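Q: Could you take a close look at one part of this model for me? I'd like to know what surrounds it and how the neighbouring pieces are put together.

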Amino acid sequence: MHPFATSRLMNSKLLPPRIAARAVPCHDGASGEGELARAQSSRIWVGFVVTFACLSAVASTSAAEPVAKRQSSTTKDEASPLTHVQQAWKDRGWALLQEYCIDCHNPDFREAEIDLTVLEDPRQIHRHAELATHAINMVRFGAMPPEDAMVPEPEERRELGNGLDDLVFRSMCDLRPKPGRVTARRLNRAEYNNAIRDLFGIGFRPAENFPSDEVGAGFDNNADVLSVSTLLLEKYLDAAQQVTDRIIVDPDTLPSIETVFSSETLHVLGDFRHGRFGGHFMEEGALAWFEVDAPVGGLYQFEIRGMPATEVKGDHLFAMYDQTGTLQALFELRNRDRLNSNDYDSVKVRLEAGVHRFFVRPTGIAEDDVDLGRNEGPWRLGKSVWDRVSELNDKEVEASRFEDGEHIEPESRFDTDRYRHKVTRVQVTGPMSYDRDDLPPGQRELLVALAPRRGDQFYKAYEPAKRCLKPLMRMAFRRPVADDEVEPYAETVDLLTERGESYFSAMQVAISAVLTSPHFLFRVEAQDPKAKTATRELTSVELASRMSFFLWSSIPDHELLRMAEQRKLTRPSDRRREALRMLRDPRSGELGEQFAAQWFGLRNLEGLEFTMDDEDPSSVLAAETKRLFRHVLQNNRPVTELISADYTFVNEPLAKHYQIPFDASKADEDGWARVSVATLPRRGVLGHAGVLTLTSYPTRNSPVQRGKWILENILGTPPPEAPPGVPSLEETKTASASATLREQLELHREDPGCASCHRVMDSLGFGLEQFDHLGRLRAKDDPAMADATGELPGGRSFSGSRELAELLAATEARRFAETATRRLLTFALGRELRPADRCFIESILDAAEPDGYRLRDLVIEVIDSPPFLMRDSTGS
Amino acid sequence: MIDSPHSAKKHPLESARLSRRTVLRSGTIALGLPLLEAMTPASKSVYAAATSDEVKKSVRMACVFVPNGVIQDSWQPTGQERDWNLSKTLEPLAGVKQDINVIEGLAHDNGRSKKDGAGDHARSCATFLTSARPVKTSSNIRLGISVDQVAASALVDQCSLPSIELGLLGSRNAGSCDSGYSCAYSSNISWRSESQPMPKETVPRMAFERMFGTGDAAQQRRQRMLRQSILDLVREDTKRLLGRVGATDQRKLDEYFTSVREIERRIERVEQEDRASLPDIDIPYGRVEAFREHARLMFDLMVVGFQTETTRVATLMLDNAGGNRQYKEVGVNDAHHGLSHHRNKVDSVEKLRKIDHYLVEQFAYFVEKLKATPDGDGTLLDNSMVLYGSGLGDGNRHTHHDLPVILAGSAAGQIETGRYLRTEQETPMANLYLSMLDAMGTPAESFGDSTGPLAVLSS
């Protein structure tokens, strides 16, 4: 099998196989055998040289002529004289294109359905920017013209590439900023999970069960490819229900008590008589007592029915003490008539779960006669202790307990002057639905208002529902919500409660609808259909979402939304301060989890079949790279430190894997520690076992894939895909059974279909040959160690991965910074970059260059760039 | 207190059967469900082909309770056993006069105060179907099994639902409602055991689900209803949003909208299939506030339950004991209980007559509906025994004798109807229950304070 065909990195779109396949036959008739042979021998290094030559060319152009200045040029005028760049194209560039490309790519032949004659007029080049960019990449990489055609000299190749590139760059950046279209996009799985976490403070991750998100432009947040299927919508509905089941619990489904203590269940310590119509008539000094078993901590209502002495008027105090004699409640009962009619009063008391004994004392004291507001004295709730109760011994109390089945004979005639305090019953109900310890933690904050109820029927649910839903919808929809948006939701709650649903389940339905609403699931930037211009600046509130989904892969928090609503995010200084705050927040770890992981292809690590103690090797290996990324970001280190760092992060299993010592005392709470690798060949991500493993086959490493990975993710120039029909390494005739991989590859490269690309890839990949397919350092006597050498153009030779990494960091800094910036912008916008974006990228790089392309600076610059701040609704 | 044949030491097989039932009944509903579900097809088939002998014999029993007694002089018919005239209050029953018996002279001695003091309303309700004396307490309730539950427990294997207990007002089983009696006594007429009142279903929809949904089906129906509510909101949100976005965004949202519609259509389809498998009866969701509509829905449910033989035993409390409903729809703004202590004031008595008449009118609706429903060779009414009455005779004086009692239906020809039956005063109501249990095919040797079957009933 061809290495490319199985490559896990195969996502290049530069050259579809169809194009490569048909490129050669075009010249079949035109080129003779001799010519072909000559071309092959002289062309081996062409691609490589040109690639690197042009990298530095771009860098120097940009440095010499800042983008800002170029962007300020006036709108193009058809009648105005040609600029020198346009003139240069007309004089020289076009001639080269004609000479080497137009033979096949003309209106008549249209090889690979490409007609390059449209690039002739430099004034019209902006109309064909995509085509021109494609051509530039093919020419620079050396993939075109094909090796068996007439090929340009390296100098000509560079001239053609740069001339066209310059022309395109100018034509795009001379115009007003074109921020590029961002489609309404749905939340991906990570964003959905994070949004649920941030909305409700729960760690439940329902999106784990969603179908995988489609990937476009290297990331799974690409608006144009993310789609919604009926299956996914069903998952959304299920997830919403699972979430609301976790955040709201109907207290009626939880244990509660409604216990009545009267007659034989209301004990009396002291002398009393039981009345004919119920009720204990107690002597002065007697105490009624009962034991209540609270199923759960919470607020309980104590209702007491009784009556003070017959001759007194006004409210009288009935005090309730707990077992320690501490005053827990004061009831005020009044003698209403002379017919022994009960009065009642109720008080709420907080109880912990468990059995509690309470004593009720009819004090005989009129409420008017005491000052209840005093900070001292016997009537301070929860404080005052009454000796009479605190000094009771348990035996004495138990002796007064009515036995089960005991019957108290009611009496109709007794001395009501002596037995003058009446306690008929105590009812304990609770816990209250709004204050009990077994509710989900966020429920009280979420349900700030409850609907009133009669029995099990809730009513007037509209207003309380509205009060609860409005703040939630603001957070979920990431913007202020109008009353008329909340109202249908509140009406639904009202309707459902009328249908007999509890307020709690009705609120679950409303919140489920919030979580299924397109306002939650989609990031939509509204567009006025009557707007005159398609391009506009985003509002402060819209920017909040762009920032939070970029930096946190989640919804804005309260602080960000508050800033947004005060229109602060359109002010550069405030926006910058806010972005820095967000980067300090732990949620910015998602940049590592989502962005860096996808940039470096770490998600391809899944399903590794070796073991690392008890840990999943895929996540351990990926974690190392994410940690380095986070470190460089948090400390605003130059982005090149990602490839040159002489330190790394390991946990114990990884340290073992690397065969380096691990000092557990220096590890953080997750068991990871920063370690120096200065004495080892490992430098930056190119020395990370994750990167080295994901570019290998299960049983052997692949210099080709490693080289390709560097080209793609470090240098940002993905090689074109292999043409079909090219034999794989295994099928290439082998020199001998003992040939090294390098020797085999040399043979493989003799095939003209492979040579130009492999020359570039293999040379880079061999630099990492010191590491085996699992990223372990090979033994010194391993024959493969000798293969770990190479040369970059301009005599920049290197030996081993350490020198390769340091050389790349030192000499290709801008190129790497550009790759980082392109990836960041792609991720931040959720769309594929277009030629016009080149202008903004150059501008970002110029701004970050003086400080050495620090990673956090790049992130901030991305946020400050026109495509991030603006919206363009033109385009396809 | 009671002596059901099934608890007597009779045949070993009998008691074995009972013990299994006891297990079933003491288990949770969920435990019983799979079995009940398995039985559904059998009862459905009866619904489809209602001609076999089996069906003729399957008698249904319903008991309807009204509180606060009646104005007796307007209740009592005139004439002789087979040659009699309906009273003013009973006029609404004219259309079914030949299908009912009005029984006079029955009493609940256990409803009387004796040494328990006040609480006649609680006792009138507690005794109504149990003929047992309630222990005066607000906490450790003790009464006796009710006649409907004796029948239901004997028939437990024969219907998907042994019995259904309905009411228009919820039960309160804690706290005390009448002079120291637990609220359980004044809000339940059906008692499964001496300490276990059967809570009433007051929401028609819930009763419907209990009768016709296996637990799962009901749950799924509710799920669909809730999901539809979500989709309604989501659809409106999407529509609004579609007007505010550009063409490309619209395409993305269309994808989503299409999925919303697709799921809605799916729910509609299931809903239609589900409806097709259920009796053709339209029961609204949630509570029904209007008394007449509420009562009639409950009667409709009982008819459908009987017709499909989903259950053969049903009870309905039109109000709880001492009920204070205001029957404004017949021009009575006073509370029923308060009014019942009329002290012979003319306008109060007149208002009570209106209420009595109005309540009988609702009952007549039920009887007529049963009569209009074919069952076997006859009508559902023919195969039923429907009791209507109050636990108090004279509400003003709280009397527990001469109770107002109507028994409609001939219990599949076992009871001659169209008669005005006057029994000796103080005949225990329990005697009627003994006879009814006999007619149900679930005979008991004695029940409550019974002294033997009700002689006047047998023709």
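A: Let's start at the end of helix 14 of chain B, where B:Gly441 follows the helix with a positive phi, near 80°. Keep in mind that this is a predicted model.

Now step back into the helix itself. Helix 14 of chain B covers residues 429–439, and 10 of its 11 residues are buried, so it is largely enclosed by the rest of the structure. To count as buried here, a residue needs 20 or more other C-beta atoms within 10 Å of its own. The buried set opens with B:Met429, B:Ala430, B:Asn431, B:Leu432 and B:Tyr433. It carries on with B:Leu434, B:Ser435, B:Met436 and B:Leu437, and B:Ala439 belongs to it too.

So what do those buried residues pack against? On the strand side, they meet strand 1 (60–65), strand 4 (100–107), strand 13 (384–389) and strand 15 (419–428) of chain B. Helix 6 (147–154) of chain B is another of their packing partners.

Those strands lead us to a sheet. In chain B, 7 strands make an open sheet with mixed pairing, in the order 5-10-1-13-14-4-15. Strand 5 (164–167) and strand 15 of chain B sit at the edges with a single partner strand each, so one side of each is left without a neighbour in the sheet. On average, and ignoring direction, neighbouring strands of this sheet are turned by 15° against each other.

Over at the strand 5 edge, strand 5 of chain B runs parallel to strand 10 (residues 313–317) of chain B, and 4 bridges join the two. One pairing to look up is B:Leu166, whose bridge partner in strand 10 of chain B is B:Leu316.

For an antiparallel pair, hop over to chain A. There, strand 8 (residues 315–322) and strand 9 (residues 327–334) of chain A run antiparallel and are joined by 7 bridges. A:His316 stands opposite A:Leu333 in strand 9 of chain A. The two strands form a hairpin with 4 residues between them, and A:Gly325 in the turn has a positive phi of about 85°.

Finally, a word on where the chains meet. The contact draws 41 residues from chain A and 39 residues from chain B. On the chain A side, helix 15 of chain A gives the largest share, 5 residues. By class, that side of chain A has 15 nonpolar, 19 polar and 7 charged residues.

Definitions and conventions
Residues numbered from 1 in each chain as written. Chains lettered and ligands numbered in written order. Predicted model: local features only at pLDDT ≥ 70, side-chain atom pairs only at ≥ 80, totals over all residues. Contact = placed C-beta atoms within 7 Å. Nonpolar A, V, L, I, M, F, W, Y, C, P; charged D, E, K, R; others polar. Buried ≥ 20, exposed ≤ 12 C-beta atoms within 10 Å, placed from the backbone. Pairing = 2+ DSSP bridges. Axes fitted to C-alpha atoms, helices over the stretch in contact; angles between N-to-C directions.
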